[in-house]
Amino acid sequence: TIKSTTNDIIKDIQINQNDDNDFDNKNDNIAKLMLLRNERERKRIEYLASDLAVNKLELELSASVNNSNLIKSSYDYGYTSKSNGVDGDNTNQYGGTVPSNAFILATKNFKKELSSIVRDFNIFINKNKNNHELNDEKDKEVDLARINLKKLKLSNNNIWRREMNRKEIEAPFVIKIPYYVLCVLLDNLFDGKPISRFYFLETVARMPYFSYITMLHTYETLGWWRKSTANKRIHFAEEYNEYHHLLIMESLGGDQDWYVRFLAQHSSIVYYFVLIILWVLSPSLAYNFSELIEAHAVDTYAEFVDSNKELLSQMEAPKIAKDYYESLDMYVFDEFQTNRVKGSRRPVIHSLYDVFCNIRDDEKEHVNTMSACQDPSVIVKSPNTEAAIISYTLAIGLLAFVSNVNIESILSSSSSVDGSESVLKSIYETITTNIPTTSPVNPDDITSIKDSTESLIDIMLKKVAGLSENVDSNVIDMIAKILSKFKL
């Protein structure tokens, strides 16, 4: 209410600032504005003071053995993170550790992971599903909490149904292909294991923001671009948010299986370099791909919380979730929420249901931010490039079947894929000049093929912008005609 009233007064001052007759009214508004700002600051200090008092009381109650059950602000599910690396050999002047050199760390980590491989293999052979040691000597409460975690469900079909029902994110076909491949892999690799799936997702989800910061910094260093400096701060905040999602999944046992860690970590490294290359080609397409991934995450978490609402509401939130979402310092949390007023979102965590609802909402904010980072014209034009790539591949593949021409020579002599018209004309020239006269095909058929190819290219040039979504029936008929002439 204070913020709304303040904004109204500011508008009145701006409207009346050039009107001498309203001088007294303007002074009154300025005085009101100062009073409201002071009141807002006082309320903020009161809120911080009450928050500190609550935290202090929680600590005192938690430290008391007799009163430990009076309040339960967070819960430990007994899992020890398997992804937190190995201990460093050195300690800096502030008491913190610094990593050893890469060879020492790699050796230590290999030994640690090798023991995990052996353990998981023995568990698989013995068919023993209680494969993760407890921190608190198999406490019955922890056992029950873990049993509830295993009851959580996630339907792949319902996730896809949500994606089909929401507004489609505009993206070129060459971007959607790897996106759909990734989604299908997730469906098959982690079917029945939602927490492990989330661990994989959050491990991979950090990489886009790291790659964007890398490329923005590189462009600045080379003197190419320095107009997106503020984006680096936003991307760091996004990565920091995904990092805490990852810590939450680790606290719920998402990284306990060796194969899950292996897939997540190595896929992330590959994903990082893929995004680097994609950024070099088009930053907007790199952002577009991340928008697709984040939107899929929204659908996944939304389905998860809706399907498990009753059970999640009965389960305690892990400590890391409470520490992150109810922290006193929310500067970094506010930083990545570019579509809302800073400070307008302050989560309150009572249960695991609240945790996953907030993770879902975080992913929505990432979708909005990725959308805002894109150049809309690039996404609109990209189907042209996509159609050129599709038609170019079709023509080269056809030519490879019907002639003895070396494909590498065709690629080197043809123009680059920088626009549909030039590429399609190049295809026509390549086909019409490289079909061998010694071909067993009848010469009359060759003339017919050339005519058909010319007609095909003419149609493609007219229909190329819509080729990715609605292929004209004439195009299909013409392709079929060419293939039939070559008995293919």
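**Exercise 1. Find which residues of H8 and H10 meet, then describe the crossing.**

Step 1. List the contacts, meaning heavy atoms within 4.5 Å. On the H8 side they are Met207, Pro208, Phe210, Ser211, Tyr212, Thr214, Met215, Leu216 and Tyr219. Their partners in H10 are Ser268, Tyr271, Tyr272, Leu275, Ile276, Trp279 and Val280.

Step 2. Sort these residues by class. The contact of H8 with H10 has 13 nonpolar, three polar and no charged residues. Here Ala, Val, Leu, Ile, Met, Phe, Trp, Tyr, Cys and Pro count as nonpolar, Asp, Glu, Lys and Arg as charged, and the others, Gly among them, as polar.

Step 3. Check the ground rules. The model is predicted, local features need pLDDT of at least 70, side-chain atom pairs count only at pLDDT 80 or more, and totals for chains, interfaces and linings use all residues. Residues are numbered from 1 along each chain as its sequence is written, and side-chain values use heavy atoms, with hydrogens and water left out. Helices (H or I, at least four residues) and strands (E, at least two) are DSSP runs, numbered from the N terminus.

Step 4. Take the geometry. Two packed helices are described by the angle between their axes and the distance between the axes. The axes of H8 (residues 207-222) and H10 (residues 258-281) come within 9 Å and cross at roughly 40°. H8 is therefore oblique to H10. Axes are lines fitted to C-alpha atoms, for helices over the stretch in contact, and angles run from 0 to 180 degrees between N-to-C directions. Angles under 35 degrees count as roughly parallel, over 145 as roughly antiparallel, 65 to 115 as roughly perpendicular and the rest as oblique.

Step 5. Add the hand. H8 passes H10 in a right-handed crossing. A crossing is left-handed if the near helix is turned anticlockwise from the far one by less than a right angle, and right-handed if clockwise.

**Exercise 2. Describe how H6 and H8 each pack on H11.**

Step 1. Start with H6. The axes of H6 and H11 (residues 283-307) come within 10 Å and cross at roughly 30°. So H6 is roughly parallel to H11. The crossing of H6 past H11 is right-handed.

Step 2. Name the residues. H6 contributes Ile175, Lys176, Pro178, Tyr179, Leu182 and Cys183. H11 contributes Leu285, Asn288, Phe289, Leu292, Ile293 and His296. The contact of H6 with H11 holds nine nonpolar, two polar and one charged residues.

Step 3. Turn to H8. The axes of H8 and H11 come within 11 Å and cross at roughly 165°. H8 is therefore roughly antiparallel to H11. H8 passes H11 in a left-handed crossing.

Step 4. Name these residues too. Pro208, Tyr209 and Tyr212 of H8 meet Ala286, Tyr287, Ser290 and Glu294 of H11. The contact of H8 with H11 has five nonpolar, one polar and one charged residues.

**Exercise 3. Place Asn148 and Lys193: buried, partly exposed or exposed?**

Step 1. Asn148 lies in H4 (residues 140-151). Its relative accessible area is 16%, so Asn148 is buried. Buried means under 20% relative accessible area, exposed over 50%, partly exposed in between (1.4 Å probe, protein chains only).

Step 2. Asn148 touches Leu311 and Met315, not counting residues up to four places away in sequence.

Step 3. Lys193 sits in the loop between H6 (173-189) and H7 (194-205). At 34% relative accessibility, Lys193 is partly exposed.

Step 4. Lys193 is in contact with Asp257 and Tyr259, leaving aside neighbours within four places in sequence.
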